[in-house]
Amino acid sequence: MDSGLFTANNVWMMICTGLVFFMHLGFSFLEIGLTRQKNTINILFKNLFIICAGLLMYYIGGFNLMYPGFEEGSAGILKFAGFGIAAPENGMLPEYASGGYTWWTDFLFQGMFAATAATIVSGAVAERIKIGGFMIFVVIYVGLIYPIVGSWKWGGGFLDSMGFYDFAGSTLVHSVGGWAALVAVFLLGPRIGKFNEFNKPQPIPGHNIPFAAAGVLILWLGWFGFNGGSVLSADPAITSLVLVTTSLAAAAGGIAAFLVSTLMYKNYDLTMFLNGILGGLVGITAGADLMSPNEAVIIGLIAGAIIVLGVALIDKLKLDDPVGAVAVHLICGIWGTLAVGIFGTMAGLDQFFIQLAGVGIVGAFCVITAFIILIIIKSTAGLRVSEIEELEGLDRHEHGMDAYPDFRSNEH
């Protein structure tokens, strides 16, 4: 391979790594904006911990657990290639990864994906989870559970052998986080005041909707790296198609969510619009390289409608998800994965059932493991803060500081 092409491919992958890293700011802004002022420091602390601990866990063993080198055609359920990330002999040469990138770029790009799965959980459990219990969960889930699931497809394991397809992680990233979020929300219970004495859901408005909007736009930008980097090279044709399908699905998701929510609730709900965009992005992620622009729009439209119905379903089940993470990442992640069997170049009844089986297998594994981890934490360190801590805010009780201090008391 020409050295210039190898360099161009690697530079593109490093740019995409930066874009996926930037998504953590988007997640932080979105979560802050849709929750209350008194928990802002707590949310920032969680999101910083996720990226730092996630990257270190991926370095210690996660990368080699996710890419252990299964023999081709093997069952590929569990294998570990050892601790650390020592580069192989050809790790810096075009022979590694068909000239798409170097070993170091490979580690860093995949490490950014790993941390994203835990960030999804952060939004769902906001405003009432103990920071210590959450940190323990992140270390185990990112360090162990996410890489095992990833190895089944992207590491050449049994899901890959059976023909399951997930281009950039509708299931392997978003649903892995979404299933854990669903279990955590169930075990934690709703925030105080979320449901009234008649069990009717009550709105708990976020304190900074401009932050939430900025967060979604940052996430959309980051998705160009999330999906665009999943081409695993700078191939002009596939990369440009992926960016087009990603953008069209996002736009369609936003429009569908705002239209459906307006019809249902008779108001122009900005938060539904924002989550619709994210739903479209999650929905296209499994098949962004397989879809035509028309199919991307259809997938996005359906995802946007699913968001509105999904949020209503979560409320009906008496679950409390402050940012809509379960509807966005789990439900739309499932939809996007199944869409590979309905639309695009791999569509077909056989493929649909393979996709469905993959969703079920990953879902069962994530629900069981997340439940075990969280129930142990709940019975030992504890999961939920006390009533007084929740009412007065986690910033004051767990961090001893305020995100928006009132300086007027210092005026003379």
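How many nonpolar, polar and charged residues are in the lining of the largest pocket? I'll start there, then go through the second pocket, the cavity and one surface patch. Keep in mind that this is a predicted model.

The answer by class is 16 nonpolar, six polar and six charged residues. The volume of the largest pocket is about 720 Å³. Its lining is made up of 28 residues, and those closest to the centre are Lys194, Asp269, Thr271, Val311 and Asp315. As for where the lining comes from, helix 9 and helix 10, the latter spanning 293-316, each supply at least two residues. Helix 10 has the largest share, with five residues.

Next, the second largest pocket. The volume here is about 410 Å³. There are 20 lining residues, and Tyr67, Gln110, Trp154, Phe167 and Leu232 sit closest to the centre of this pocket. Split by class, the lining has 12 nonpolar, four polar and four charged residues. Helix 2, residues 40-66, and helix 3 each contribute at least two residues to it. The largest share of this lining is from helix 3, which gives five residues.

Now the enclosed space. With a threshold of 30 Å³ or more, the count is one cavity. About 110 Å³ of space lies in it. The lining of this largest cavity consists of 13 residues, and Phe27, Leu30, Gly123, Val323 and His329 are the ones nearest its centre. Four helices each supply at least two residues of that lining: helix 1 (3-33), helix 3 (103-124), helix 9 (270-285) and helix 11 (325-339). So that you can place them again: helix 3 also supplies lining to the second largest pocket, and helix 9 to the largest pocket. By class, the cavity lining has seven nonpolar, five polar and one charged residues.

Last, the outside. Phe186, Ile368, Phe371, Ile372, Ile375 and Ile376 form a nonpolar surface patch of about 560 Å². Which helix gives the most to this patch? That is helix 12, residues 349-379, with five residues.

One residue of the patch deserves a closer look, namely Ile375, which is found in helix 12. Why does Ile375 count as partly exposed? Its relative accessibility is 31%, and therefore Ile375 falls in the partly exposed class, because that class lies between under 20% for buried and over 50% for exposed. Patch members need over 30% relative accessible area, and Ile375 is at 31%.

That covers the two pockets, the cavity and the patch.

Conventions: Residues numbered from 1 in each chain as written. Predicted model: local features only at pLDDT ≥ 70, side-chain atom pairs only at ≥ 80, totals over all residues. Heavy atoms only, no water. 1 Å grid on protein atoms, 1.4 Å probe; cavity = no way out; pocket = protein on both sides within 12 Å on 5 of 7 lines; lining within 4 Å. Points joined across faces, edges and corners; volume = space filled by probe spheres on them. Nonpolar A, V, L, I, M, F, W, Y, C, P; charged D, E, K, R; others polar. Patch = residues over 30% accessible without salt bridge, like charges linked within 9 Å, V, L, I, M, F, W, Y side chains within 5 Å. Areas by Shrake-Rupley, 256 points an atom, 1.4 Å probe, with all protein chains shown as cover. Salt bridge = Lys/Arg side-chain N within 4 Å of Asp/Glu carboxyl O. Buried < 20%, exposed > 50% of the residue type's maximum accessible area, 1.4 Å probe, protein only.
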